[in-house]
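Visitor: I would like a close look at how helices and chains pack against each other here. Please take me through the contacts step by step.

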Amino acid sequence: MNVIQATLTGVLIGGLYALMAAGLSVTWGVLRIINLAHFGLILIGAYLTFQIATSWHLDPVLTLVITVPAMFIAGAAIQWLFDRLRLTEFNSLLVSFGLLIIIIQVTSNIWSADFRRMSAGTNPYATQSVAIGRLVFPVTTLLAFGLAALVVLAAHLVLRRTFAGRAMRAIAQDRAVAGAFGVDHRRLSVLLGGVVGATAALAGMVFSLSNALTPDTAYEWFGTVFAVVILGGIGEVVGTFAAGILVGVLSGVVSAVWSPAAAPFVLFSAIILALLLRPQGLFAVGGVR
Amino acid sequence: MIRRGGIGLLVAFLVLVAVGAFSDQLGLSSFYLILLGSICFWIAQATSWNILSGYSGYFSFGQAAYVGVGAYTTAVLSGRHGVNFFLTVPLAALLCGLLALGVGAVAFRLGSLRGEIFALLTLAVPFILAAFARINRSVDGGQGTTVPIPEVPDAFGALPQFQYLLALLIAAIAVAAAYAIQHSRTGSALAAIRDAEDVAEVMGVATFRYKMLAMLISGVLGGAAGSVYALQIGFVTVESVFGLTIPLFVIVMGVLGGRTHWLGPVIGAVLIVTLQDRLSSYGLDAWNSIILGGILALLVAVSPDGLYARLRARPLAALGALVVVSGGLAVLNAWGEVLDWLVVGMLVASLLAIVLGSRWATAWLRRGRPAAVPDEAATATADDVTVPGDAAGDAVPAGSAESTVPAGAPGSGAPGDAEIEAGETGASRGADQLGAVLVECRQVARYFGGVHALEDVTLDIRAGELVGLVGPNGSGKTTLINLLSGAFRPTRGVIRLDGRDITRLAPHKIAHVGMARTYQIPRPFDSMTIRDNVAMAVMFGPESLPLNRARPIAEQHLATVALDHLADAYPADLNLHQRQLLEMARAVASNPKVLLLDEALAGLNPAEVDNAVRVVRRIHESGITIVIVEHLLRVLNQLATRLVVLDRGTCLADGEPQTVLNDPAVIRAYLGRQAHV
Amino acid sequence: MRRRSIAVIGAVLVLGAAAAGCGKGSGSGGDSDKPIVVGSTLSLTGAFAATGQIHKIAGEEFVDRLNANGGLLGRKVEWKVVDDQSDQAKVSQLYERLISQDKVDLILGPYATPNILSAMAVAQRHGYVMPQHSAVLAPQLTYECQFPAWSIGPTPNSFIPGQLFDAVATLPTPPKRIAVLTSQSGSAAFVSDGFGDDKSGALSIAKERGLDVVADIHYPPTTTDWAPIAAQVRDADPDLVIDNGLGVDAANILQAMAQLNYRPKQMFGLFPAPGPLLALGDEAEGMLSVSMFEPNKPTLDKLGPEATEITADFTKRAQAAKLPYTVFETQAAASWNAWEILIDGVKNSGGTDQRKMCDTLHQKGADTTFSGHLTFDPKVHNFWPTTQSIKQIQNGDWVTVWPADRAAAPLQGPRS
């Protein structure tokens, strides 16, 4: 029973991991930018949700009306900056790390380093759940899973079916050739940066529903999110989703049957194994890259 | 230069030792010793990181693993089991060395490990170790460990002095190691790995061994410094040593200072540690991270090579700025203290070096004397097809008017044409000087997943031959080259070189048996001069030579391809033709028995093709057997003693050029098809 | 080539000059008009920053009040507080700077146990008296001039579980089956597992008292997914859940359990951030924790108007600093104690001579507003007899409920 419940909640929380990782994975795969500032955008998304919901007494999910456009602009701006700087893959990692440090410090200066949590009145989702017998589905993770599924499905369809999507895949494969065929990668990548920023708003909102926020939280995401990106295959949206679920289930089940302390041990050992056996990612089946 | 740098290092070390030993007499407060000790710790860590990540280009995010294991070894052994502190330092180094070898053995087992994957793999290591320490509560008792203050001989003075001297010693060892490596074969090998790893391997560099060596040294240094860190913080917990801050700061320091030079991380560490200290001393804590983050982002964007490269370009200006600003502030004595003056001086010097090194400043300074220095604008791209003056000069040989007909023979050349050309040129050389069988391929096959790139190719190449390898796109020509050079292993079959089975040999060993190759798209080592590019091949050839003895030999090879006048230039300054000549010089320099030329003429204009053909012939005449992949049948007719035609992975025809070109099957499969395209 | 060696020699010379110059920069006399400078670091950013803020506000309030009342020995007091970024390596470096470079007259400990231990080594080296607010693990704090402002006695690992079990034993239906959740952090794990060779902690004491430990879960401080822990607790369904954790652990576990439609009968959290638990609302009602001080009306009435004034002023300042939880409670009280110990040391010894201050504190102890008169016995590392109490969330507020003589309200059992 315990294991079944752990598996279930693991699957659902895997949605949150996938939601956080999807943007990172796509910018990495398509635009060749390892954007650590994405963690900063998620953090800001979470704080904005907290702030707007608390001071305007808005339903936290409705704050998306504001945060999604805001983060779209932020993401697009960051991408525009990266484009202007013409960075290599590794330098993008360093520049975006610099940005992340700045974002965390600014967050800390604005909202203080103390824990911020939406009160029970503002955030009715925190403790709600749907139960089927003894099995329980927490609403926050259901929401995370649903949003992740939606984002992944949309991304998949866009990348497969639309001109912009095909153009992006062309950019991923060969920027110069794509350019020769009239694909304006500048505009497309800024657009993509914006969309990725918008997913950060979603992830931040979901995170703030069930967690207390401190600026340092951003660092805590590193391990798990990178694990998901790598396992899923860089640039593979669907793979990211599957990997998120796998990571959620793996740490959930290990926590339940062995010990929560052992979860990171098992998880990261699994990542090393996966990297060695399938360096292109466990679920890489030919997505974007 | 080697001696000078070494002496400089030694002098700096002795001065710093003296500063520590006589700190009381100098009136140096213990804070300065602690700060210097902290700088030394970061120098040691950043240098340890740099030896692997800077030199070889494999970025590690796992520096915390060494700090953590080193600190834990010292803390747990001396704090909980009463082991002498001085014994724990080498133990920490040993453990970290073993850890590094383990990680390296796992990570580098993958032939084509991508840099980012390595980075993330190393990111996972501290997480695993931290979790391991938490699961096994018996390691640290569950709450962290206090590090007892070791019994220090009186000669070392008080604890801060001792801590500083110990950290200084380890930092000095680290920097000396980085210095020695950079000026040794290992340094050259690592630089080649950073620039183009598989090229280096095929050229004869035992890349796996050098990467492991870099890992090992990096681990040993990181571990020793980690054990000193335990003493500096006094109380060790999982969070304090396995965290993300350490690897991130180490990377920032390495990148800021410059990762290709041993001084880079030293500069980065000094600047970051002192700057942080000053910021916090002025109560700018809330700005500390913002300023650091800003510096990192800006610097990487503006000067990705790091500060060292910019400072080296303008040593006097930078030093002058440092002395004037710091000295000026000291003389005025209106504000701050020594450390403030120094930090301001260093910042101004760095800023000046960056500004002076920037593109617009360079352009402005060179205004009015345009021809004085090779201009950056001359930097050729791969599409640039200018022929250098002298090469063009002798590229108009008498009686070869026909050879200047535009290239592209496979497209335009009807079978008849080819026949005439073959008759004209192939006869000019006999097969008289053919020797023993040099290369044997026995039923060699190579599959990529379900794609059969090569299927049961059996082929003998004799000494002295010049074999042309032709076939339509995707027929397996390049695959065969890759199999011969060892870049891929055959799915089945046997390859022998000079009687020796090389089928399962590592590429660098195959190179030592006597195989060399060039690449269709030239892949020079970008960070080295043209001379050193070729010297690399000499150094790591069958007989190992030191760099200073390899250089004169390299110049001879450059003369063979008429690039000797560019020996001091960098690959970025060459055009495509010159790059391809460089490829050939480099391949010949490794003293091969067999030379594989993979479309060495692609993309050249007719005059360049003629020049290249002359070079190939010269190489062949020097006694090297050549296999050349080429689309230009006209060229092959001139050159080859024999043609091998591949089609869909199998050997379609093999023999005298004109016989092969008259073979109906060849005409149908290759020329015929091409003619209709 | 030559240019470069000139450059190197030049750089060495500059360094040498700098080193020589360092000596001249210092040397301030003990001028009696100058303010007395107190130096300390706090974690204002990084992992410990959530609580570091509280100590900053409390300290500023204390110094303002002190100066308003004429300062110390007729001199103004100035507090130089620097951010150690929750980084131990910085802590030792910064204390070294404060003491040997900035030559502060007095020092105060930083926040969080690992940081305090790093700072203590520096203080010991320079013979400085160091009152500190938050390290309670007595056996680790071996420096004789370290004075704890928060004491759980010499053996907190057995005292805390003992006090908790004593308290809940008075309930009409005392818990029989307990679950123990332990954060593997140096600041919390000792309450479950004991410290060093002393293995007594919540787990062993529960067995001694005949309680049934139905779940024993250790989790890393980096845990983010609480559902598996919550599910295990739900399936074990104990009478009392003990979370020996920090920060928001307890709130996260409670919420994860609520999401599983499970509500623990009774729950105890060791050192939780008080605000987030209250933000949980009804879910956290009845939650237990330990406390040094809660500004409950009966307690404040007993302490007098000054205490009321202090707590009210703190709340005002915390609101201005936009802290989410603005009540003056344990952490702030510990901060206040530390300052009072420091000031008493100076007052009673008549100066800032560290040796004299240390001896005087050992002889005369110190008077504090919130914990009364404290005595310091070097044999037990100056850890005074504890005044720790158990607090409980009642009607959305933290209330002291145990021991009976300090309680502001009676302990409530599980809601039926």
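Guide: What follows is a walk through the packing, from a contact between two chains to the domains of one chain.

This is a predicted model, in which local features need pLDDT of at least 70 and side-chain atom pairs count only at pLDDT 80 or more, while totals for chains, interfaces and linings use all residues. Residues are numbered from 1 along each chain as its sequence is written, and chains are lettered from A and ligands numbered from 1 in the order in which they are written.

Start with chains B and C. Helix α3 of chain B covers residues 30–56, and helix α3 of chain C covers residues 88–101. Helices (H or I, at least four residues) and strands (E, at least two) are DSSP runs, numbered from the N terminus. The two axes come within 8 Å and cross at roughly 155°. Axes are lines fitted to C-alpha atoms, for helices over the stretch in contact, and angles run from 0 to 180 degrees between N-to-C directions. α3(B) and α3(C) are therefore roughly antiparallel to each other. Angles under 35 degrees count as roughly parallel, over 145 as roughly antiparallel, 65 to 115 as roughly perpendicular and the rest as oblique.

Which residues of α3(B) and α3(C) make the contact? From α3(B) come B:Ser30, B:Phe31, B:Ile34, B:Leu35 and B:Ser38. Those from α3(C) include C:Ala89, C:Glu96 and C:Arg97. Two residues are in contact if their C-beta atoms, placed from the backbone, lie within 7 Å. By class, this contact of α3(B) with α3(C) has four nonpolar, six polar and two charged residues. Ala, Val, Leu, Ile, Met, Phe, Trp, Tyr, Cys and Pro count as nonpolar, Asp, Glu, Lys and Arg as charged, and the others, Gly among them, as polar.

Now turn to chains B and A. Here 30 residues of chain B are in contact with 33 residues of chain A. α6(B) gives the most to the side of chain B that touches chain A, with 12 residues. That side divides into 25 nonpolar, three polar and two charged residues.

Next, look inside chain A. Helix α5 (residues 139–161) and helix α8 (residues 185–210) of chain A pack at about 170°, with axes 9 Å apart. α5(A) and α8(A) are therefore roughly antiparallel to each other. Among the contact residues are A:Leu143 of α5(A) and A:Leu202 of α8(A). The contact of α5(A) with α8(A) has seven nonpolar, three polar and no charged residues.

Finish with chain C. Its domain assignment (automatic or from a database) gives domain 1 (36–150 + 313–380) and domain 2 (157–291 + 389–406). Their centres, taken over C-alpha atoms, are separated by 29 Å. Each domain of chain C puts 11 residues into the contact.
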